[in-house]
Structures are given as structure tokens and as C-alpha cells.
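I opened this one to see how its charged and aromatic side chains are arranged. My notes follow in the order I looked things up.

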Amino acid sequence: MADDSDDKEVLAALDKEASEYLKDAEISRILNAFKLDAYMRRNRETLEWLHVNALLLLRRTKKNSYAILDLKPGVPESDIKAQFRRKSLLIHPDKTKNPQAPDAFDRLKKAQGVLMDEKLRERLDEAIADARMLLIRERKWTVDNPELTTDEFAVDWREKTKHVLIDNELRKRKQLKAQMAEEGREKRKVDEEIDARKRKRESEQAWEETRDQRISSWRDFKTKGEASKKKKKKQQPIG
């Protein structure tokens with residue numbers, strides 16, 4: 001009986017160790033899933049010509065949410081919810097002592113949020129579909145080429161998706177910069193028009209406020225002119 005008890009304790013310890021190994025492996029997988037902003041920070045020198053540094057904080061962090069949840073594109077919402085539940089139960093910070101669990105769990109939640117958002121998911125699906133089509137065109141394949149179902153193509157597809165996501169993000173950031181510049185020009189134009197109207201109002205107000213003074217000055221000038229004429233007339237010699 002004692003041997004059986006010892007065996008059970010050993011097996012329980014092994015199961016616990018194996019479970020922790022699986023949790024650590026999953027946490028590592030999630031944290032190492034492709035994340036666009038991390039890539040751009042590592043490659044900021046090569047992307048400097050698009051002023052990525054200045055715009056990096058202006059957009060939401062982009063990532064391949066399918067990769068984080070370990071799902072294939074096109075799965076139904078029910079699969080997304082089920083996968084999130086499985087993964088969250090495995091790596092939840094309350095279920096493991098791994099110090100990186102909170103970060104991994106946070107990314108898992110955000111990935112689910114993206115895929116459950118119809119517009120965000122559609123945007124991601126478009127990038128993935130574009131990547132597949134670009135590879136087909138580059139290799140001059142047809143859409144029924146058997147190579148499309150191989151593991152090698154799946155790896156290339158994921159890599160191409162990264163580049164498409166990067167290109168899309170850079171394009172959006174460049175457009176945002178142009179939009180901000182245009183908005184700045186429009187704002188300056190509006191400000192200049194407001195200043196011009198303000199100066200005009202102040203000028204008209206100043207003109208109106210000095211109206212009585214101008215009339216009084218004119219009357220004084222006219223009165224003095226008439227008096228001077230009368231004086232000269234009286235001083236004319238009798239001939």
C-alpha cells in the first residue's frame with residue numbers, strides 16, 4: 001500500500017510538472033506571436049523614412065490575432081470563443097506562477113476582442129487573403145495548385161501576412177500624417193480668416209468710436225476757417 005501511495009504522489013508530481021511545462025510553453029508561444037509594433041520598433045531605422053517613430057503612438061497596436069489564439073482564418077465565432085476559453089483556462093494568472101502569464105493573458109483577451117469585432121476581423125482577413133494572393137501571383141501558380149496545401153506554403157503564407165500587415169499599417173500611418181498636415185493647413189487658414197475678421201471688426205469699431213471726435217474736429221476746422229475769412233474781409237482797405 002505504501003508503494004502504491006508513493007507511486008501516486010510521483011505520478012501526481014509528474015502530471016503537475018508536465019502541466020506547468022505546457023502552460024509555460026503556451027505563454028511563450030503567445031508572447032512570441034507576431035506583433036506589428038514590436039517588429040517596427042526593432043526595424044525603426046529601416047522604416048525611418050516614413051517617420052514611424054513620430055506616428056507609433058497614434059494607432060492601435062496591430063497583431064495577428066489568429067496566431068495568438070492559434071486559429072486558422074475563417075473559423076466561426078463559436079470556435080473563437082471555445083479556443084479562448086481553452087487557452088485562458090490554461091494560462092490564466094490564477095492557474096500558473098509564471099510571471100509572464102498576465103501579459104500573455106492580456107494579449108489573449110485582446111486577440112479575442114479583435115476577432116469578435118466584425119470590422120477589425122474583416123480587416124485582418126483581407127490582409128491574410130491578400131498575402132495568399134500575392135504569393136500565388138509571385139510564383140505564377142493557379143488557385144488549385146497542390147502546393148497551396150503544404151506546410152511549407154503555410155509558413156510562407158504566415159510570413160507574407162506579416163509583410164502585408166506592415167505595409168497596410170505604414171500606408172495608414174502615412175495617410176494619417178498627410179491628413180494631420182492637411183488639417184493643420186485648414187486650421188491655419190480658418191485661424192487667419194478669424195483673425196482677419198477680428199481685425200476688421202476692431203477697425204470698424206474704432207472708426208465708429210471716433211466718429212463724434214471726427215465730427216467735432218471738422219466743425220472746429222470749419223468754424224475757424226469761416227472766422228479767418230471774415231477777419232480778412234474786415235481788414236481790406238477802402239479804395
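Is Glu159 buried, partly exposed or exposed? I checked, and Glu159 counts as partly exposed, at 37% relative accessibility. I should write down early that this is a predicted model.

**Entry 1: the Glu159 pair**

I looked for a charged partner and found that Glu159 makes a salt bridge with Lys162, with 3.4 Å between the closest N and O atoms. Both residues are in helix H8, which covers residues 151–209, and they are three residues apart, about one turn of the helix. Lys162 has 28% relative accessibility, so I put it down as partly exposed too.

**Entry 2: the whole chain**

I stepped back for an overview. The chain has nine helices and zero strands, so my list of elements from the N terminus is simply α-α-α-α-α-α-α-α-α. Of the 239 residues, 26% are buried. The chain exposes about 18000 Å², and carbon and sulfur atoms supply 52% of that. I also looked at contacts with a separation of 6 or more: 71% of them join residues 24 or more positions apart.

**Entry 3: helix H8 end to end**

How far apart are the end C-alpha atoms of H8? I get 85 Å. At 1.5 Å a residue, the 59 residues of H8 should span 87 Å, so the two values agree. I then pulled the buried residues of H8, and among them are Phe153, Lys160, Glu169 and Arg173. Val164, Leu165, Ile166 and Leu170 are also on that list.

**Entry 4: salt bridges in and around H1**

My search of the whole structure gave 13 salt bridges. I picked out Lys23 and Glu20, whose side chains meet at 3.8 Å, N to O. Both belong to helix H1 (residues 2–31) and sit three residues apart, about one turn of the helix. Lys23 is buried at 11% relative accessible area, whereas Glu20 comes out partly exposed at 25%.

Next I looked at Lys87 and Glu26, which form a salt bridge at 3.2 Å, N to O. What does this pair tie together? Lys87 is in helix H5 (residues 77–91) and Glu26 is in helix H1, so the pair ties together parts that are 61 residues apart in sequence. I checked the cover on each partner: Lys87 is buried with a relative accessible area of 11%, and Glu26 is buried with 8%. I followed the charges outward from there and found a network of salt bridges linking Glu26, Arg29, Asp70 and Lys87.

**Entry 5: the rings**

I turned to aromatics and found three aromatic pairs in the whole structure. For Phe153 and Trp157, the ring centres are 5.9 Å apart and the planes are at 40°, so I logged the pair as tilted. These two residues are both in helix H8, four residues apart, about one turn of the helix. Is Phe153 buried or exposed? Phe153 is buried, with a relative accessible area of 2%. Trp157, at 24% relative accessibility, counts as partly exposed.

I noted that ring pairs link Trp141, Phe153 and Trp157 into a cluster. Trp157 has a charge to note as well: the charged end of Arg132 sits over the Trp157 ring, 5.9 Å from its centre.

**Entry 6: the loop before H8**

Where is Glu147? I find Glu147 in the loop between helix H7 (118–138) and H8. Glu147 is partly exposed, at 39% relative accessibility. Leaving out residues up to four places away in sequence, I see Glu147 touching Trp141 and Phe153, and both of those belong to the ring cluster I logged above. I also took one distance back along the chain: the C-alpha atoms of Glu147 and Ile136, eleven residues apart, are separated by 10.0 Å.

**Entry 7: what I keep from this**

For charges, I keep the network of Glu26, Arg29, Asp70 and Lys87 and the Glu159 and Lys162 salt bridge in my notes. For rings, I keep the cluster of Trp141, Phe153 and Trp157, with Arg132 over the ring of Trp157.

Key. Residues numbered from 1 in each chain as written. Predicted model: local features only at pLDDT ≥ 70, side-chain atom pairs only at ≥ 80, totals over all residues. Heavy atoms only, no water. Buried < 20%, exposed > 50% of the residue type's maximum accessible area, 1.4 Å probe, protein only. Contact = heavy atoms within 4.5 Å. Areas by Shrake-Rupley, 256 points an atom, 1.4 Å probe, with all protein chains shown as cover. Salt bridge = Lys/Arg side-chain N within 4 Å of Asp/Glu carboxyl O. Expected span 1.5 Å × (residues − 1). Phe/Tyr/Trp six-rings, centres within 6.5 Å; stacked < 30°, edge-to-face > 60°. Lys NZ or Arg CZ within 6 Å of the ring centre and 35° of its normal.
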